[in-house]
Amino acid sequence: MSTTLNMTEINLREVNSTLQDAAKAQANAAYVIENPRGSHAVACGLDGPLTVTVKGSTGYYCAGMNKEAAITVEGSAGPGVAENMMSGVVTIEGDASQYAGATGHGGLLNIKGNASSRCGISMKGIDIVVHGNIGHMSAFMAQKGNLVVLGDAGDALGDSLYEARLFVRGTVKSLGADCIEKEMRPEHIALLTELLEKAGADAKPEEFKRYGSARKLYNFNIDHADAY
Amino acid sequence: MCGIVGLFLKRDDLHPQLGDMLTDMLITMTDRGPDSAGIAIYGDETPGSIKITVQSDTPEAAFEDLDAALCAEIDAPVTIKVLDTHAVLSMPEATEAAAIAFLEARGLRIMGSGTSMEIYKEVGLPREVAARFRLRDMGGSHGIGHTRMATESAVTTMGAHPFSTADDQCLVHNGSLSNHNQMRLKLAKKGVFTRSENDTEVGAAYISSRIADGASLGEALEGTIDDLDGFFTFVTGTRNGFGVVRDPIACKPAVMAETEDYVAFASEYRAFADLPGIEAAKVWEPEPATVYFWER
């Protein structure tokens with residue numbers, strides 16, 4: 001049994017406070033949001049188990065700071081979806097705009113369509129699965145977690161990358177500074193198998209290439225000391 | 001931050017609804033740009049006739065008998081349509097240059113001219129600006145609009161978008177250009193002049209000057225990627241349609257929607273919420289450094 005909140009009748013602030021209270025109650029209730037009409041910050045800051053289905057497209061910062069909740073957007077999401085997510089699952093049935101999953105610490109962001117530029121920028125432990133393509137500068141300064149892309153990646157993938165793992169099935173337009181292709185070892189195949197299954201993605205782990213940090217930017221290069 | 005909207009109608013029978021649809025889109029973008037608002041609307045052509053849109057802060061005095069005075073000056077029939085601070089004067093195409101010189105000499109501000117295009121822009125909330133010009137009642141084949149949050153120049157009528165630098169051509173912009181002073185000088189050396197201190201007007205003048213040199217709309221828009229430095233999502237209107245281009249970094253948002261009836265552009269999806277059939281529309285984000293255009 002789910003509760004319906006219609007955004008043509010209830011304003012955003014009230015919708016979010018209803019959801020936040022329900023999440024805190026730890027009752028794992030189900031909510032349906034109707035007529036989001038591209039509103040900003042829908043279903044933000046949920047701190048507890050809750051199932052939320054958004055019937056339509058959302059604007060900036062949907063599902064930001066999510067903890068434990070399972071949020072599905074039955075449409076496309078604007079910039080900054082699931083920003084700084086801690087745990088839980090956020091599913092976007094359509095496309096996601098720029099910086100999806102930015103700074104995310106945990107949980108799964110599952111994007112069924114494409115994600116545009118800066119997907120997973122500065123990610124810190126989140127798993128992101130994109131069924132389509134991703135745009136330029138994705139996983140910039142990504143520290144931890146996994147970014148899986150079934151389609152192609154744009155320019156400068158993984159620029160200034162730390163320890164996040166990037167798996168791309170299609171082509172990569174260019175790699176960013178200090179990002180290199182790495183060997184797919186059995187543990188990576190196992191990890192990717194698990195992530196693809198969690199995301200309901202129809203792809204074979206063997207079809208992917210792995211990219212990671214060359215770790216050349218970690219330390220000051222003494223050879224250049226004279227330059228300063 | 002600014003808001004941009006655009007709507008291109010594929011079906012003639014929808015033309016009377018253009019203003020209504022575009023006004024809702026414009027008002028939704030108010031919180032991206034509450035300083036001023038503007039719209040360029042294309043339609044209502046008379047063969048052999050040109051329209052000049054002018055603005056005055058003292059419209060009652062400035063527009064009284066303006067048509068008769070202009071008629072006497074250019075020795076040709078002139079009609080006038082007054083909407084708040086703006087007036088659209090129509091006259092034979094061949095008299096355009098003389099008419100513009102006469103109107104400027106009378107202290108009127110030229111918003112734009114063309115066989116099809118009319119431009120209305122003012123300082124104020126988009127809802128108020130739309131009401132003053134009765135934008136909802138306007139028909140046409142396509143139009144582009146802008147809600148402004150000023151960064152590069154003062155909040156004035158002349159600083160509001162759209163900017164028109166050639167007949168039937170105009171530009172709206174979200175972002176800021178960093179090499180506009182240098183480009184303004186380069187264009188001036190070619191004899192292309194701008195009317196304001198605004199960065200976007202330089203972008204518009206750049207595109208017009210490329211087209212005047214023989215480039216297609218697509219080539220002129222591609223040129224912005226190499227020759228203009230800064231952040232931009234541009235939408236440019238022409239007599240036949242509109243074009244979209246984003247800079248390679250593409251941090252300024254953009255979303256497009258297409259159905260059998262229309263192609264729509266906006267800074268955010270919110271602006272599409274009231275468009276008919278939007279639930280089933282193809283909705284996508286234009287790629288960085290990629291030119292898109294629709295023409296009839």
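This is a conversation about a structure with chains A and B, looking at each chain and at the places where parts touch.

Visitor: Before we start, what kind of model is this, and how are things numbered?

Guide: This is a predicted model, in which local features need pLDDT of at least 70, side-chain atom pairs count only at pLDDT 80 or more, and totals for chains, interfaces and linings use all residues. Residues are numbered from 1 along each chain as its sequence is written, while chains are lettered from A and ligands numbered from 1 in the order in which they are written.

Visitor: OK, how many residues of chain A are in contact with chain B?

Guide: On the chain A side there are 13 residues in contact with ten residues of chain B, where contact means that the C-beta atoms of two residues, placed from the backbone, lie within 7 Å.

Visitor: And what classes are those chain A residues?

Guide: The side of chain A that touches chain B holds one nonpolar, ten polar and two charged residues. Here Ala, Val, Leu, Ile, Met, Phe, Trp, Tyr, Cys and Pro count as nonpolar, Asp, Glu, Lys and Arg as charged, and the others, Gly among them, as polar.

Visitor: What is chain A built from?

Guide: Chain A has two helices and eleven strands, and along the sequence they follow the pattern β-α-β-β-β-β-β-β-β-β-β-α-β. Helices (H or I, at least four residues) and strands (E, at least two) are DSSP runs, numbered from the N terminus.

Visitor: How does its radius of gyration fit a compact globule?

Guide: The radius of gyration of chain A is 18 Å, which agrees with the value near 17 Å for a compact globule of 228 residues; this radius is taken over C-alpha atoms, and the globule rule is 2.2 Å times the number of residues to the power 0.38. Along its principal axes the C-alpha trace of chain A spans about 65 × 45 × 30 Å, and buried residues make up 53% of the 228 residues. A residue is buried if 20 or more other C-beta atoms lie within 10 Å of its own, exposed if 12 or fewer, and partly exposed in between, with C-beta atoms placed from the backbone.

Visitor: Let's pick a spot: where is A:Gly151?

Guide: A:Gly151 sits in the loop between strand E8 (144-149) and strand E9 (165-168) of chain A. A:Gly151 counts as partly exposed because it has 16 C-beta neighbours inside 10 Å. Leaving aside residues up to four places away in sequence, A:Gly151 touches A:Gly132, A:Asn133, A:Arg169 and A:Gly170.

Visitor: And how do E8 and E9 of chain A run, parallel or antiparallel?

Guide: E8(A) and E9(A) run parallel and are joined by four bridges, with A:Val149 standing opposite A:Val168 in E9(A). E9(A) also pairs with strand E11 (residues 209-213) of chain A, in the antiparallel sense over three bridges, and there A:Val168 stands opposite A:Lys209. Two strands count as paired if DSSP finds at least two bridges between them.

Visitor: Which way do the residues of E9(A) point?

Guide: A:Arg165 and A:Phe167 point one way from E9(A), while A:Leu166 and A:Val168 point the other way, and all are buried. In a regular strand the side chains alternate between the two faces of the sheet.

Visitor: Switching to chain B, what domains does it have?

Guide: Chain B is divided into domain 1 (3-42 + 124-295) and domain 2 (45-115), with bounds that come from an automatic or database domain assignment. The centres of the two domains of chain B, taken over C-alpha atoms, are separated by 24 Å. Eleven residues of domain 1 are in contact with ten residues of domain 2, and the domain 1 side divides into four nonpolar, two polar and five charged residues.

Visitor: What is the order of the seven strands in the open sheet of chain B?

Guide: The order is E7-E2-E8-E1-E14-E13-E15, with antiparallel pairing. Strand E7 (117-123) and strand E15 (282-284) of chain B stand at the edges with a single partner strand each, so one side of each is left without a neighbour in the sheet. Within this sheet, strand E1 (residues 3-9) and strand E14 (residues 262-266) of chain B pair over five bridges, and B:Gly6 has B:Phe265 as its bridge partner in E14(B).
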